[in-house]
Each structure stands twice: as structure tokens, then as C-alpha cells.
Amino acid sequence: MDILKVLSRGIKSNPKSRAQGAAATAQLPSAGALPHPQLFHDPVSTSSRGKKRKRRGDAQGDETEHQDDDEDLSDVDYFAPKKPAAESAPAAAEEDPAPKKRKIKLLDEDECRQILRSHRMKFTVLSGLRQTEAAEGPDSKKDKKQQQQQKKKDKDKKSKEEDTKKDDQHKKQIFPQPLTSFAELRTTYDIAPQLAANIAAQGFRVPTEVQMGSLPLLLRPATALKKASSAAVDVVGSSGADFLAVAPTGSGKTISFLIPAIDGALRRRADEGRSRDEHVLQAVVVAPTRELASQIVNEGRKLAFGTGVRVVLMKRSLRLVAEELKGGEESKGEKEEESSGGEEGSEDEEESGEESEEEKTGKDKEGALKPPARVDILVTTPKTLLNFLSGGKSGARKVLPTVRSLILDEADVLLDPIFRKQTMGIWRACTHPDVALTCWSATMASNIEALVTKQLEKRSKRPDSSPRPLIRLVVGLKDTAVPNVTHKLIYTATEAGKLLALRQLLHPVSSADSGPPLRPPFLVFTQTIERAQALHDELKYDIPLEAGGPARVAVLHSSLPDAARARIVARFRAGDVWVLVTTDVLARGVDFAGVNGVVNYDVPTSAAAYVHRAGRTGRAGRHGGVAVTFYTKDDIPFVKSVANVIAASERQAGKAAGQGQGQEGTAAVPKWLLDALPKVAKEDKRRLKVRGVESRRTGGKASITTKSSWERRREHNRLQAIEASKRRKRQRREEAGKGDKGGGGKAAAEEEEGEWGGLDD
Ligand SMILES: Nc1ncnc2c1ncn2[C@@H]1O[C@H](COP(=O)(O)OP(=O)(O)OP(=O)(O)O)[C@@H](O)[C@H]1O
């Protein structure tokens with residue numbers, strides 16, 4: 001078979017297979033209209049509401065039901081019909097008229113409980129309830145008894161584990177109001193009309209689970225908990241809460257933190273009587289990579305359009321309004337500790353050399369210091385902001401006393417040793433006594449939760465701070481599942497075999513070999529930058545020139561300059577790049593809506609890494625995304641955690657792992673394999689997370705190739721020469737055929753084109 005035919009699959013449509021292709025394409029994440037974004041809709045008894053809720057996927061049914069809900073709660077549907085941004089966000093809506101007093105209909109606690117259960121949302125108060133123990137319900141006596149016994153036992157033992165156990169006694173479940181439609185943001189939670197209009201302009205039909213759960217509590221905690229009977233209510237009602245959300249990848253966490261941040265900035269501007277031109281830094285959003293930070297800025301600007309709230313990306317050249325600390329207000333050790341970089345092996349954001357001198361120094365051409373930037377919401381990577389706060393080599397250390405909200409997106413990695421010192425440095429610089437912390441991720445290890453709890457408790461002991469509980473929302477299974485994605489685990493005996501298997505997957509010789517091909521666009525993850533570069537070198541000649549050639553394959557990693565990274569992301573978003581080879585730098589947060597496939601060329605180094613990488617496809621409820629993971633015998637000791645995530649995801653999706661012979665079920669990881677894979681020792685897990693598979697770091701296995709680069713170049717040049725010669729011949733025949741009455745030249749050209757023929761789906 002002509003290899004070029006195979007490689008060019010999926011490029012040009014073939015009329016014969018067009019109809020067939022259309023049906024298949026409709027299943028792809030990159031195709032079709034905005035899907036139903038809610039992941040869970042379990043049937044529960046809803047007698048009090050008088051309606052049985054439909055299962056997930058029945059978008060029409062859900063919509064009707066939500067519209068009915070809306071009728072109860074509001075007279076205006078702000079979110080339908082969908083209009084273009086400019087139309088639906090008119091300037092007239094800019095000023096917030098005094099909200100009319102209207103009677104808000106809230107759900108009772110039982111109704112809240114049912115809706116939250118149906119969508120698999122669970123709220124737990126993790127800390128901050130000590131002050132209100134007296135007000136607790138029937139369980140409080142039991143809790144107290146247990147506490148006393150525990151106190152006795154623990155008198156002399158002050159280990160961390162015991163602290164955690166003690167904290168467990170304070171965990172309480174609560175049932176706040178869920179947001180059943182976006183219209184409620186205006187009618188019940190009273191957000192500004194312009195902000196509501198901007199949300200409407202996004203065209204979302206229903207809120208996702210994390211939006212249902214978090215928005216009421218973060219916007220108006222007192223309203224959200226008005227009907228709740230827990231002890232947390234009083235505390236939250238008076239001073240709000242710190243918040244930790246664990247929800248699946250692609251479930252809309254970004255707008256869940258941006259809406260309250262913009263609303264908070266608007267409210268304080270009104271309360272303080274400031275004009276639209278006076279900007280005070282109110283919120284800081286920290287994200288681990290520049291790509292994610294830029295994406296958040298874009299989302300923020302869409303939501304803040306016309307409100308006067310400025311959402312700004314932190315750059316080295318940016319000067320913020322900050323308070324300088326006088327000497328002695330902090331220890332030297334602390335300063336040194338915080339300004340140190342990330343750990344070895346981390347794919348964090350190194351400063352790259354593409355900034356101009358002006359940008360680096362923050363001075364203009366005449367050498368004068370630029371005025372401070374006008375910012376309400378700052379989005380930053382940890383190191384860029386910390387560099388500013390630590391004042392460079394000679395400057396004084398600074399703090400940000402006006403910040404009222406610190407938002408950690410991908411909080412578990414920001415609080416992991418890779419970024420911990422930098423993140424903690426930023427947190428310490430937010431010195432307002434009532435600064436609220438919110439943490440967001442699809443994965444959250446218990447040690448990270450414990451760290452947050454401990455830090456918040458420390459802060460709450462400061463004389464000027466008011467008591468605030470820490471509330472956690474978990475949507476679905478904590479840490480372990482990537483619903484909505486089809487998983488494949490593929491074994492190859494050798495590293496070289498892996499490359500062949502990848503090619504097979506991208507360009508299968510026949511569908512019987514490896515199932516349906518992955519369709520562009522897809523992301524391919526490797527363990528190291530070197531391997532990403534090497535794999536890119538291998539794959540770039542795989543796409544024929546007629547289909548775009550090497551430009552269709554790109555590589556992105558943290559050693560590239562900012563501008564190059566931004567360009568590649570833009571080309572991938574635009575569909576110009578089909579295969580993007582990358583490292584874990586793109587594993588978290590980035591939202592490429594149409595990614596059809598994720599290939600873990602190298603096994604992810606932890607279960608969490610798998611969840612985030614696989615979660616680049618199947619976003620916002622989209623179906624049809626595929627996550628393929630290759631493993632070799634070097635990976636076998638570490639594959640169990642990945643296999644466990646896959647098995648949990650498939651259980652959620654209702655796929656069976658066959659038990660015995662002939663009952664293999666439909667699972668990517670059959671039960672026999674799951675049982676056979678060795679358990680990973682804690683120490684191995686830790687080492688793997690930091691360094692990856694050791695054999696891939698240096699030596700023969702670190703490189704990726706089946707041929708030498710000289711051989712590859714020679715092969716590529718040979719193919720190009722053949723193509724050029726064919727083109728020349730074709731042109732000659734066409735020219736000759738112009739005088740030919742029977743059009744023989746054209747026929748010959750068609751015949752020759754037929755050699756390609758395979759651009760058929
Ligand atoms: N209610 C909604 N309906 C439909 N699409 C939505 C809704 N909310 C957000 N989206 C879209 O879902 C996509 C994923 O959102 P987002 O990037 O916020 O996910 P995330 O939960 O932060 O994912 P990750 O954990 O990977 O960072 C975005 O394209 C966003 O525009």
C-alpha cells in the first residue's frame with residue numbers, strides 16, 4: 001500500500017465516504033454544537049419538586065426541566081436566545097441599577113440535598129467549625145465525646161497524623177443552594193447586569209456541576225446557606241468561607257472562580273464609591289504555566305467586557321501598586337527560600353530571553369520608571385509575581401494589602417514542592433486580614449488539603465482575622481476518574497516498538513490493526529523536553545506536503561521562548577497544527593475544545609498526571625475523545641496507578657471489566673491485568689513523580705528513533721523529489737492536453753491524482 005495514501009488519511013474528503021464520515025464525525029469532540037456539559041444526573045426521588053429528573057445526555061429533557069425551574073424563580077430568561085457578544089452585552093447594561101427588591105424563592109434543605117446528590121456533589125466543612133461546636137446538631141455530643149477521648153490519648157503525641165485525625169472530627173457535610181440555571185445569577189444572587197449579559201453571550205445553556213455548587217456559595221454565602229441547618233452556616237454567613245473545589249477536567253472551573261472575582265471587584269468599587277477609572281488590585285489568580293494564565297486572562301476579559309474591571313496578565317515589566325516592607329519585617333531566610341526556583345525536572349515557567357530591555361526593566365526609553373499598571377484582577381504564574389514581590393536583587397520586598405481574593409488554579413500542583421515556596425510567598429504577600437483563598441483542581445491529594453487547612457488555621461490565629469471555615473466541594477469521584485473519555489492502554493515490548501505503534505495509531509494500515517485511527521487534532525505527551533524534541537523530529541515528515549507537510553506537526557515545551565509558545569498554541573487552536581508533541585507543561589488547564597485524542601507516548605508519572613493529560617480531550621461534556629497510553633516493560637512497575645484511574649473512569653461510564661475467560665467485557669484494562677500489575681511502593685511513586693522513568697532520562701532509551709536523522713532527511717528528500725517530478729509531468733501533460741480534443745491529458749492527470757485517492761475521511 002502507498003504509504004502516502006495512508007499518511008494522508010483524514011485530509012481531503014472523498015465523496016463516496018462523505019455520508020458515512022458525517023455520522024462518525026458527529027461523534028468527535030471537535031465536531032458539532034456545544035454539548036450538554038453536565039456529567040452526572042442520577043435519578044433521585046424528587047417528590048417535593050414533583051418531577052423526575054432525566055439522566056445525563058437527555059439534553060432536551062434537562063433544558064425543559066431547567067426552564068420550568070426558571071419559571072419558579074425569575075420572570076426574565078437572561079440567557080436565551082443566544083446572541084452574539086456585541087448584541088447581548090449592550091452598553092446600556094453597564095451601570096448596575098439599584099437591584100429591585102424581589103422575593104427570592106429558595107429550595108429547602110431536602111431539595112438541595114437531592115439535587116446535589118443527583119449531580120454527585122458533596123460539600124464538606126474541613127475546618128473552622130471549632131467556634132460553633134455548641135450550635136451543632138444531634139451529632140455534636142458524640143463528636144465531643146470522641147474529641148475528649150482523643151484529647152486524652154493524644155496528650156503527649158503531637159504528630160501530624162494525629163492532627164489529621166482530630167481534624168476529621170470537624171468535617172461536616174452541608175447542603176447549600178445549587179445554581180439550577182444561569183438566570184439565577186441575576187435573580188437570586190444579584191450579579192451586575194453587564195456581567196450577566198457577558199455570561200449569556202458565551203451561549204452556555206446550563207451550569208456544570210462545579211458551577212452549580214460553587215457560584216452561590218462564593219457569590220452570596222448567606223443566601224446560599226439560608227436554608228441549611230449546619231453549624232457552618234452562621235460562620236459562613238457572616239464572613240464567607242475559604243473554598244476548595246475538586247471537579248473533573250473540562251468541567252468549567254475557570255468561570256466558577258472568575259465570575260465571583262469580577263462580581264467582588266464590582267461590588268467593592270460600588271461600596272468604596274470609586275469611579276470606573278480607579279483600579280485597585282482585588283484578586284490574584286495563580287496558574288502554573290503561561291499558557292494557562294493567558295487563557296484565564298482571555299476568559300476573564302470576555303466576562304468583564306464593558307464592566308470597567310481590568311483583568312491583566314502579569315509580566316516581568318509590569319509594576320503593581322504594592323506596599324514596600326521596611327527592613328526587618330521578614331527574615332532573610334524566608335526571602336531566600338521563596339525566591340528560589342522550582343525543583344529539578346519540573347516543567348515550570350523559566351523566564352525566556354525574548355523580552356526587550358524595556359520590558360525587562362519596567363522603564364521606558366528615557367529610562368523613567370513606568371507608572372503602575374491599572375489592574376483589578378491579576379493573573380500570574382507563581383515565579384513572575386514572586387519576582388516582583390521580592391523586589392529583585394536590590395529592591396525592597398513588597399506586599400499586596402488590597403488583595404481580597406487569592407485564587408489558586410491547579411492548586412495541588414501550586415502547593416506541591418515544585419511550586420510550593422513560590423505560592424506560599426504570594427499567599428503571605430496578600431496581607432489583608434479577610435483575604436479569601438479558593439483552590440481549584442481535578443485532583444487534590446489529602447496532604448495538600450492538610451497543608452491548606454493548617455495554613456488557614458495559622459492565619460485565623462492572627463488577631464485581626466475573622467473566623468472562616470474551609471469548605472470543600474467534590475464533584476464525582478475525587479482524584480480518580482476521567483469520565484467522558486475512551487481509554488486505551490497499549491503494551492509494546494520495546495521503545496522502538498512504541499514509535500511504530502504510534503505511527504500505526506495515527507495512520508493505521510487497516511482498521512483491523514488498531515481500531516479506528518485517531519483523528520487530528522491530538523496532543524502527544526512525552527516525559528522530557530529532549531524526548532518531545534526527538535519525537536517531533538521523528539513525526540514531522542509523516543504528513544505529506546500536499547496535506548501541509550512538517551508544519552502540521554509542532555512541539556511545545558518550557559525551553560521555548562514565550563512568543564514561540566504563544567504562536568504554537570495559536571496555530572494549534574486554529575487547526576493549522578494537527579499533532580502537537582509536548583511535555584507536562586500542557587497537561588493542566590489548557591482548554592483546546594476540539595482535541596480528539598491524547599497520546600501518552602511516555603507513561604504519566606502519577607495518577608493525577610494521567611487525569612490531567614487525558615482531560616485535555618472530552619471537555620465540557622464532549623464525547624468521542626480518546627486517551628491512549630503506551631507502556632513498555634520499563635513502565636510495568638508504575639502502570640498500576642494509571643490502570644486504576646482508567647478502571648475507575650470506565651466503571652463510571654458503565655463499562656464492564658470481564659472476570660473470566662471469554663468475558664473480557666469492554667474495558668481498556670481487563671480485571672486480570674489490573675490484578676496482575678504490581679503495586680507501586682510509596683517511595684517508587686514519589687521518585688517517579690519527580691523524575692519519571694529513570695531509563696528515559698539519559699542514554700540510549702532517552703532518544704526516540706528508528707532511523708538516524710540523516711536517513712530520515714534522505715528519505716524525506718527522496719519523497720519530495722518524486723512528488724516534484726510527478727507534478728512536473730502532470731503539468732506537461734495538462735499543457736499538452738489543452739490542444740487535445742478528447743481531453744486525454746486531464747484524464748491522465750486525474751488518474752495520477754487517483755494514486756493519492758486516500759484523502760477520504
Ligand atoms: N456551563 C457550560 N456549558 C458549556 N460549556 C461550558 C460551560 N462552562 C464552561 N464551559 C466550557 O468548558 C470548557 C472547559 O472549561 P474550563 O477550562 O473552565 O474547565 P476546567 O474545569 O478548568 O478544566 P481543567 O481541570 O482541565 O482545568 C471551556 O471551553 C468552557 O468555555
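Where is arginine 310 found? Arginine 310 sits in the loop that runs between helix H14 (290–304) and strand E5 (311–313). Bear in mind, as you turn the structure around, that this is a predicted model. With a relative accessibility of 34%, arginine 310 counts as partly exposed, because that class covers values between the 20% limit for buried and the 50% limit for exposed. Arginine 310 also has company: together with Arg301, Lys315 and Arg374, it forms a positive surface patch.

From that patch, let us move on to charges that have found partners. Side chains of opposite charge can pair when their charged atoms come close. In this model, the count of salt bridges comes to 24. A few of them are worth a visit.

Start with arginine 186 and aspartate 190, whose side chains meet in a salt bridge at 3.7 Å, N to O. Their surroundings can be read from their accessibilities: arginine 186 is buried, because its value of 8% falls under the 20% limit, whereas aspartate 190, at 21%, counts as partly exposed. This pair does not stand by itself, for Arg186 and Asp190 belong to a network of salt bridges that also links Arg220, Asp263 and Arg267.

Next, take a look at aspartate 412 and arginine 588, which form a salt bridge with an N to O distance of 2.8 Å. Aspartate 412 lies in helix H18 (residues 411–414), while arginine 588 is in the loop between strand E15 (579–582) and strand E16 (597–600), so the pair ties together parts that are 176 residues apart in sequence. Both ends of this bridge count as buried: aspartate 412 has a relative accessible area of 8%, and arginine 588 has a relative accessibility of 15%.

The last stop is the salt bridge between aspartate 602 and lysine 498, where the side chains meet at 3.0 Å, N to O. Here, too, distant parts of the chain are linked, with the two residues 104 residues apart. Aspartate 602 is in the loop between E16 and helix H25 (607–614), and lysine 498 is in helix H21 (residues 495–506). How buried are these two charged residues? Aspartate 602 has a relative accessible area of 0% and is buried, and lysine 498 is likewise buried, with a value of 0%.

To look back over the tour: arginine 310 is part of a positive surface patch, while aspartate 602 pairs with lysine 498 in a salt bridge whose acidic partner is buried.

Terms used
Residues are numbered from 1 along each chain as its sequence is written. This is a predicted model: local features need pLDDT of at least 70, side-chain atom pairs count only at pLDDT 80 or more; totals for chains, interfaces and linings use all residues. Side-chain values use heavy atoms; hydrogens and water are left out. Patches are made of residues with over 30% relative accessible area and no salt bridge: like charges are joined within 9 Å, nonpolar side chains (Val, Leu, Ile, Met, Phe, Trp, Tyr) within 5 Å. Accessible areas come from the Shrake-Rupley method with a 1.4 Å probe; for residues, only the protein chains shown count as cover. A salt bridge is a side-chain nitrogen of Lys or Arg within 4 Å of a carboxyl oxygen of Asp or Glu. Lys and Arg count as positive and Asp and Glu as negative; His and the chain ends are not counted. The place of a charge is taken as NZ of Lys, CZ of Arg, CG of Asp or CD of Glu. Helices (H or I, at least four residues) and strands (E, at least two) are DSSP runs, numbered from the N terminus. Buried means under 20% relative accessible area, exposed over 50%, partly exposed in between (1.4 Å probe, protein chains only).
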